[in-house]
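Reader: I'm new to reading protein models, and I'd like to understand the words people use for them. Could you take me through a few?

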Amino acid sequence: LGTSQASKAVTVDSSGDLIIPDSDKFQFGAGKDMNLYHDGSHSYITNATGTLKLATETSGIAVTIGHTTSETTVADNLNTTGLIRVNDTTEATSATDGSLQTDGGLSVVKDCVFGDDVFLLSDSAVLNMGAGNDATLTHDGTTGLTIAATPISINSTGDLTLDSSTD
């Protein structure tokens, strides 16, 4: 195993537990490119090459990260295959076109920017605006679009055309 300093001694306690001093590392690979250690405050698994994979060898066995009294934070890109579940309820899936499909609703607290079209697929879709939903655009499969607000103001620096033709 090499040489050891007295201050960095690995010990086995009376329960058979292996005791490693803080900040000493288990290092794996010829280039020591994977490390497992605890610095006294936090625990780390670091990987310098390839992909760090956490996997089970039996189908249907889950890998659980987190604790019932704390959050799990992802500090980088999160890629998921399959379902996104919150409190054991399916909240979202990825659609075949790469979009995120949610069945439980979506709440955005800050600004939302779209790079292309926005589709409201229901024949009774309502776009609510204002803290009290005091301005609405409502689509009805029969009557078309209803704009409701008090007051309704249209400001234009150029021509304003309202056309009821269908062409």
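**Why these words?**

Author: Let's start with K32, which counts as exposed at 52% relative accessibility. Keep in mind that this is a predicted model.

Reader: Why is K32 called exposed?

Author: Exposed means over 50% relative accessible area. K32 has 52%, so the word fits. You will find K32 in the loop between β3 (25-28) and β4 (34-38).

Reader: What makes the phi of K32 worth a remark?

Author: Phi is positive there, about 50°, although K32 is not a glycine. Most residues other than glycine have a negative phi. N133 also has a positive phi of about 50° and is not a glycine; its place is in the loop between β9 and β10 (135-140).

Reader: Why is N133 called partly exposed?

Author: Partly exposed covers the range between the buried limit, under 20%, and the exposed limit, over 50%. The relative accessible area of N133 is 44%, so N133 belongs in that range.

Reader: How do you know that D123 is in contact with H139, D140 and G141?

Author: Contact means heavy atoms within 4.5 Å. D123 meets that with H139, D140 and G141, leaving aside its neighbours within four places in sequence. D123 sits in the loop between β8 (100-102) and β9 (126-129), and its relative accessible area is 52%, so D123 is exposed.

Reader: What makes the bond between T150 and P151 a special case?

Author: That peptide bond is cis, with omega about -10°. Most peptide bonds are trans. P151 lies in the segment after β11 (144-149).

Definitions and conventions: Residues are numbered from 1 along each chain as its sequence is written. This is a predicted model: local features need pLDDT of at least 70, side-chain atom pairs count only at pLDDT 80 or more; totals for chains, interfaces and linings use all residues. Side-chain values use heavy atoms; hydrogens and water are left out. Helices (H or I, at least four residues) and strands (E, at least two) are DSSP runs, numbered from the N terminus. Buried means under 20% relative accessible area, exposed over 50%, partly exposed in between (1.4 Å probe, protein chains only).
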